[in-house]
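Good morning, and thank you for making time for this item. Please bring the sequence and the model up on your screens, and I shall go through it with you.

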Amino acid sequence: MIPIIFHWIVLDLGCGPGLYVKKFAETGAKVKGIDLSQRSIDYANRYIKAGHENIYFTRMNYLDIDYAESFDIATLIFYDFCALNSTEQNRLLDKIHRSLKSNGVFVFDVVTVNRESSESTSISIRESGFWSPDPYVEIMNTFIYEKPRTEGTQYTIIAEDGSINIIRLYHRLFEMAEVQKLLNDHHFKVENIYNNLKGEPLTENSETYGVIARKAKKL
Ligand SMILES: C[S@@+](CC[C@H](N)C(=O)[O-])C[C@H]1O[C@@H](n2cnc3c(N)ncnc32)[C@H](O)[C@@H]1O
């Protein structure tokens, strides 16, 4: 979709274990991966960086990046943008704008209002699973909030010893016009919106958008 050119310098925000960093680096691009999780950075340094001179990993909060005109492309992959509140979204877009070279490109994905599910509760008993290798009960509550439209999922995890963990995940659900306005307000020009970052074409019911936005000059 956006071919990563071999001499490009790429910034992958929230790189996690570095799966995409590796793919970008294999084209010959120089890639910097940033993640808040020390565990992910340790994994990435151990299993992804090995043998690649053109890969760098740093543990840091991407809301604190302070690069100027340094990257040809910045990526934020797997709907991370939707987990940020509006203040954080604005801050991150300003920082990314500054970190890109003139004409640089920001590539990211969001969840759309079409993905909205209804408010619900479900209970399951698991021998082991995503939240624990040991048996647990999972109570999942889904909530929908308005202004801005947001889906909240609360997982209540009850272990065999009765201990309880509550995890809350939020996804801001975007309309196309909101994505476009947000990017325009931050001096990006939307070049393309796809169904996802694989570059599949949009449909009326797209539940995600893969967005390509180019840095524009501040007037
Ligand atoms: C959904 S995962 C996506 C990982 C990777 N982009 C992928 O698609 O495989 C989100 C990642 O963003 C990281 N993350 C979340 N907030 C962050 C922040 N403020 N600064 C840096 N990394 C952050 C998390 O630690 C996690 O590894």
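Phe78 sits in the loop that joins strand S4 (71-76) to helix H3 (86-99); helices here are DSSP runs of H or I of at least four residues, strands are runs of E of at least two, and both are numbered from the N terminus. Although Phe78 is not a glycine, its phi is positive, at about 95°. Phe78 counts as exposed because its relative accessibility is 64%; the terms are buried for under 20% relative accessible area, exposed for over 50% and partly exposed in between, with a 1.4 Å probe and protein chains only. Tyr79 is also found in the loop between S4 and H3, and Tyr79 has a positive phi as well, near 65°, again in a residue other than glycine. As a reminder, most residues other than glycine have a negative phi, and most peptide bonds are trans.

A word on the source. This is a predicted model, in which local features need pLDDT of at least 70 and side-chain atom pairs count only at pLDDT 80 or more, while totals for chains, interfaces and linings use all residues. Residues are numbered from 1 along each chain as its sequence is written, and side-chain values use heavy atoms, with hydrogens and water left out.

Let me turn to the chain as a whole. The chain contains four helices and 11 strands. Its C-alpha trace spans about 55 × 45 × 30 Å along the principal axes. The radius of gyration is 19 Å, which agrees with the value near 17 Å that a compact globule of 219 residues would have; this radius is taken over C-alpha atoms, and the globule rule is 2.2 Å times the number of residues to the power 0.38. Of the 219 residues, 42% are buried. The accessible surface comes to about 12,300 Å², and carbon and sulfur atoms hold 51% of that surface; the areas come from the Shrake-Rupley method with a 1.4 Å probe. Among contacts with a separation of 6 or more, 57% join residues 24 or more positions apart, where contact means heavy atoms within 4.5 Å.

How is the chain divided into domains? Domain 1 takes in 9-112 + 174-215, and domain 2 takes in 114-172, with bounds from an automatic or database domain assignment. Their centres, taken over C-alpha atoms, are separated by 27 Å. The contact between them takes 12 residues from domain 1 and six residues from domain 2.

I shall now return to helix H3, where two residues deserve a look. Ile96 is found in H3 and counts as buried because its relative accessibility is 0%. Beyond its neighbours within four places in sequence, Ile96 is in contact with Leu13, Ala74, Phe106 and Phe188. Between Ile96 and Phe71, 25 residues apart in sequence, the C-alpha distance is 9.3 Å. Ser99 lies in H3 too, and a relative accessible area of 0% makes Ser99 buried. Again leaving aside neighbours within four places, the contacts of Ser99 include Leu11, Ile65, Tyr67 and Glu69. The C-alpha atoms of Ser99 and Glu69 are 4.9 Å apart, with their positions 30 residues apart along the chain.

Next, strands S6 and S7. Is Ile125 in strand S6 buried or exposed? Ile125, which lies in S6 (residues 120-126), is exposed, because its relative accessibility is 73%. Outside its neighbours within four places, Ile125 is in contact with Tyr136 and Val137. From Ile125 to Val190 the C-alpha distance is 45 Å, at 65 residues apart in sequence.

Glu138 belongs to strand S7 (residues 136-145), and its 8% relative accessibility is why Glu138 counts as buried. Apart from neighbours within four places, its contacts include Ser122, Arg126, Trp131 and Tyr155. In the loop between S7 and strand S8 (150-159) we find Pro148, and the peptide bond from Lys147 to Pro148 is cis, with omega near -5°.

Finally, Ser206 occupies the loop between strand S10 (188-194) and strand S11 (208-215). Ser206 is buried, at a relative accessible area of 2%. Not counting residues up to four places away in sequence, Ser206 touches Thr112, Asn114 and Asn195. Thank you for your attention.
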